[in-house]
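Student: I'd like to learn how to read a ligand site and the cysteines in a model. Can we go through them one by one?

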Amino acid sequence: MSNKPLTKNKQVLKFVDESAKLLNPSEIIWIDGSKEQLNTIRNKCLKTGELIELNQEIMPGCYLHRSAVNDVARVEDRTFICSEKKEDAGPLNNWMAPNEAKNKLSILFNDSMKGRTMYVIPFSMGIVGSEFAKVGIEITDSAYVVLNMAIMTRAGKECLDVLGDSNDFVRGLHSTCTLNAEDRYICHFPKTNEIWSINSGYGGNALLGKKCFALRIASNQARNEGWMAEHMVIMGVEKPNGEIKYFLAAFPSQCGKTNIAMLVPPEKYLKKGYKVWCVGDDIAWLRVGDDGRLWAMNPENGFFGVAPGTSEKTNFNAMKAIEHDTIFTNVVHDLDNNTVWWEGMGKECPKNALNWKGEKFDCNSKETGAHANSRFTTSCKNSPAISIEFDNPKGVPIDAIIFGGRRNDTVPLVYGAFDWDHGVFIGSTIGSSTTAAQSGVVGVTRRDPMAMLPFIGYNVGDYFKHWIDMGKKIKHQPKIFCVNWFRTDEHGKFMWPGFGENLRVLDWMYDVCEGKDGNVKKSEIGLMPNEGGLDIEGLGLNGDLMNKLMNVDKKEWAKEIEEIKAFYTKINDGKLPNELKVQLDRLEMRIKN
Ligand code: OXD
Ligand code: MN
């Protein structure tokens, strides 16, 4: 039975009415954000089997969901930027003309909610009512999406109250339809701030507040309005004297983003009084404050983290966060105690269990029990490491921006940019070596500019220009660094211990930001720690290994430069900013000399 609209806003009502006409649902439920309503929806999911209730004594408020087997990840090849002109989508995005996309998808959307409930989710990216927040409305037929959006965003009636009569909201239309992968489309209309997503129920395709809105649509809004929407962790490093500096970090997927966001300092640092605070693990909205500094806020309210590999050792705080009020998707169901399990959890493989597809799971099977992209959805507030600034509508002031990727060779453990434009150059070229897990040639570097490859909602050349222009507006620019935790020795073994020990590198950056120039020397590629500048005491890394970790091999860099040239040529449709070409020339000169 439909409930009453939660607003008198004519534009919202029109959007909902028009959507209902197209989708033809049997009822319309407006999500008010109340616990009671979410409980009712959860109970409905338990009845339909969309959710399985886990052991409420061990894991209160925790549920398991299994997606369709053909619907387990974002679909980059079916994701489109529907700008008026093709060149505005640029060389890295799929493009479809807005009219063509609307015509094509309208046919698929038509009557797709027949006999189903249409949920209307008002949500805010950012603190409700904050001048930096933005309102969205997602229409969906998926109760799973409703329950996830209620964790991942601030959802409910109060978002409509702050919207008032305004037409300034993002319109998200989502239907799981038949889940037919061949008719799956994730379309973005930057001019009208609309998202149309059909035939997927999976996170990044279906939780429209996340990648679709907070990155692809918001990157367009940000460019027009003079701010930035980035795929970045926001974290605070607290020194023993109680002072905190906030860092942003951008890494392509599979590089431990959620882990660094919630890093636990190593014993020695804990004893000294170091602390690390998490403001966000995935997305940062950045603005220049009146004080001339760059300020960051996390538009999200939850973590949508990858489960496999998450353990007390790799991410203690995430393990604590998911002890309660969490939705697990596509993990193993341990039937003996009605809990969950995944590979790399640091716990014994369960004997009596079902794999992510719901089939009997055998620990000796070659196939993993949990899907490689299985997830947990949990509130940021559940993490013991959440920053007290998480709910600060202004966000936090940023001192450093870190770019990184997974590189076996060439890129040293850490180096710093000489200045903002050099930092933008470094960010524009980061990437990860392909592994056997990916299709294509193994060992080549997949460039992933600013870790935004699938998320820049417009032309990549214009995006780089926006970065350069923003630098001019920031009076007190953050320092920009590059890290590589993954450099290997001649036996293919990682040389750096990683995880909590990464704090040592952050600590060096902290001191550089404080202006401790004695810790820094210049190299051909950027600023590097001086002798003794980086604390490696207690790691058992001998000088030789440290030299290998920090080595700038001119031959490897000559090859790197050729690859960067090829990448720039590939993405240049006349929009690559000159500033970046200058940076590339300068790097080449420094390496040749
Ligand atoms: C994510 C991603 O899910 O980047 O955060 O794919
Ligand atoms: Mn991400």
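Tutor: Sure. Keep in mind that this is a predicted model. Let's begin with the ligand: the shell around ligand 1 divides into 1 nonpolar, 1 polar and 4 charged residues.

Student: Which residues surround ligand 1?

Tutor: Arg-74, Lys-211, His-231, Asp-282, Arg-375 and Phe-455. With a list like that in hand, go on to the polar contacts.

Student: Okay, what lies 3.0 Å from an oxygen atom of ligand 1?

Tutor: That's a polar side-chain atom of Arg-375. His-231 also brings a polar side-chain atom to the ligand, 3.3 Å from one of the ligand's oxygen atoms. For Asp-282, an N or O atom in the side chain is 3.3 Å from an oxygen atom of ligand 1. As for cover, ligand 1 taken alone exposes 210 Å², and the protein buries 85% of that.

Student: On to the cysteines. How many disulfides does the structure hold?

Tutor: Look at the sulfur-to-sulfur distance: a pair counts as a disulfide when the two cysteine sulfur atoms are within 2.5 Å. Here the structure holds 1 disulfide. The partners are Cys-349 and Cys-363, with sulfur atoms 1.9 Å apart.

Student: Where in the chain do Cys-349 and Cys-363 sit?

Tutor: They link distant parts of the chain, 14 residues apart. Cys-349 is in the loop between strand S21 (339-341) and strand S22 (353-354), while Cys-363 is in the loop between strand S23 (360-361) and strand S24 (375-379).

Student: Is the disulfide of Cys-349 and Cys-363 left-handed or right-handed?

Tutor: Check the torsion about the S-S bond. For this pair the torsion is about -95°, so the disulfide is left-handed.

Student: And is Cys-349 buried or exposed?

Tutor: Compare the relative accessible area with the cut-off: buried means under 20%. Cys-349 has 17%, so Cys-349 is buried. Its partner Cys-363 has 32%, which makes Cys-363 partly exposed.

Student: Why is the sulfur of Cys-159 not in a bond with that of Cys-380?

Tutor: Distance again. The closest cysteine sulfur to that of Cys-159 is in Cys-380, and because the two are 16 Å apart, they are too far for a bond. Cys-159 is also buried, at a relative accessible area of 0%.

Student: What about Cys-513, and how far away is the nearest cysteine sulfur?

Tutor: Cys-513 is in no disulfide, and the nearest cysteine sulfur, that of Cys-482, is 15 Å away. With a relative accessibility of 17%, Cys-513 counts as buried.

Key:
Residues numbered from 1 in each chain as written. Chains lettered and ligands numbered in written order. Predicted model: local features only at pLDDT ≥ 70, side-chain atom pairs only at ≥ 80, totals over all residues. Heavy atoms only, no water. Helix = DSSP H or I, 4+ residues; strand = E, 2+ residues; numbered from the N terminus. Buried < 20%, exposed > 50% of the residue type's maximum accessible area, 1.4 Å probe, protein only. Near = heavy atom within 4 Å. Polar contact = N/O pair within 3.5 Å; in protein donor to acceptor, adjacent residues only side chain to side chain. Areas by Shrake-Rupley, 256 points an atom, 1.4 Å probe, with all protein chains shown as cover. Nonpolar A, V, L, I, M, F, W, Y, C, P; charged D, E, K, R; others polar.
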